[in-house]
Amino acid sequence: MKILVNAGPTREKIDPVRFISNHSSGKMGYAIAEAAILMGYEVTLVSGPVSISAPENLHKFISIESAAEMAEAMKKEFFNADLTILCAAVADYRPARPEKQKMKKKEGNLFLELERTEDIALSLGSRKKAGQLLAGFAAETNDLEANALTKMRKKNFDFIAANAVGIPGRGFGAEENAITLYKADGTKKELTLKSKKELAKELLEELLKR
Ligand code: C5P
């Protein structure tokens, strides 16, 4: 069984010294990669810039910065994976025309034009072959269930792990998390609040249940 995981944020260049990013710590994705290795699977981890170290005994570690680099790496690795888990917080927009030189400050406001990045989950979902499993995450501040189910269908996921964001002590950056796992067969499973490491193991057991 080959497992592909992505994790962490992406960085979208404004100029050579500035970027747009987000607060993803990579902890959930790294915990999933580590749990999968301990369960004996061959794991490839594609990661944006994070401050935690990669788990030992990875089959492959690919370090990327931008959403475009993440998309390229994921599309290359996807065909080889039996199970792919998308934990990365990929930027939805990037500066349309990043400056080649450091921008100088001027009087008045600055307007930055942003363009859409590739939705990697959508691209992988459309490439999915029989026998391949694809799981995504949905971090939502509102209408958790409806938004998660819509995303699962649109992106052709087999599972979506929904977590409420904006609750202190869980999710983004935190040590603990709680997940509602929705399956494409219409069932759901509550994975209650616990450390991301324990949660990762439970999640994998659910994803790999026959
Ligand atoms: O639509 P939304 O971004 O909320 O969906 C979240 C899921 O889609 C996550 O699994 C995330 O990794 C993935 N995603 C992606 N490429 C993007 C945006 C999100 O793969 N550009």
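**The ligand and the pockets of the model**

A nitrogen atom of the ligand is 3.0 Å from a polar backbone atom of Ile120. This is a predicted model, and the contact with Ile120 offers a starting point for reading the ligand site. A backbone N or O atom of Glu118 likewise lies 3.0 Å from a nitrogen atom of the ligand. A side chain also takes part: a polar side-chain atom of Lys151 is placed 2.4 Å from an oxygen atom of the ligand. The ligand exposes 450 Å² when taken alone, and the protein buries 85% of that area.

The wider surroundings of the ligand can be considered next. Its shell consists of 14 residues, and the closest are Leu86, Ala88, Ala121, Phe137 and Lys151. Lys151 therefore appears both among these closest residues and, through its side chain, opposite an oxygen atom of the ligand. By class, seven residues of the shell are nonpolar, two are polar and five are charged.

The space that the ligand takes up is the largest pocket. Two elements, α3 (residues 120–127) and β9 (residues 133–140), each give two or more residues to the shell around the ligand.

The pocket itself has a volume of about 920 Å³. It is lined by 39 residues, of which Ala88, Ala89, Val90, Phe137 and Ala139 are the closest to its centre. Ala88 and Phe137 are named here and also among the residues closest to the ligand. Two or more lining residues come from each of β1 (2–7), α1 (27–38), α3, β9, α4 (144–154) and β10 (159–164). Of the elements, β9 gives the most to this lining, with four residues. In terms of class, the lining of the largest pocket divides into 18 nonpolar, 12 polar and nine charged residues.

A further pocket remains to be described. The second largest pocket has a volume of about 270 Å³. Its lining is formed by Arg18 together with Glu99, Gln101, Met103, Lys104, Lys105, Lys106, Glu107, Gly108, Asn109 and Leu110. Six of the residues that line the second largest pocket are charged, three are polar and two are nonpolar.

Note on methods:
Residues are numbered from 1 along each chain as its sequence is written. This is a predicted model: local features need pLDDT of at least 70, side-chain atom pairs count only at pLDDT 80 or more; totals for chains, interfaces and linings use all residues. Side-chain values use heavy atoms; hydrogens and water are left out. A residue is near a molecule or strand if one of its heavy atoms lies within 4 Å of it. A polar contact is a pair of N or O atoms within 3.5 Å; within protein, one must be able to donate a hydrogen and the other to accept it, and residues adjacent in sequence count only if both atoms are side-chain atoms. Accessible areas come from the Shrake-Rupley method with a 1.4 Å probe; for residues, only the protein chains shown count as cover. On a 1 Å grid over the protein atoms alone, a cavity is a set of points where a 1.4 Å probe fits but cannot get out, and a pocket is an open set with protein on both sides within 12 Å along at least five of seven lines; lining residues have an atom within 4 Å of a point. A molecule sits in a cavity or pocket if more than half of its atoms lie within 2 Å of its grid points. Ala, Val, Leu, Ile, Met, Phe, Trp, Tyr, Cys and Pro count as nonpolar, Asp, Glu, Lys and Arg as charged, and the others, Gly among them, as polar. Grid points are joined across faces, edges and corners, and a volume is the space filled by probe spheres set on the points.
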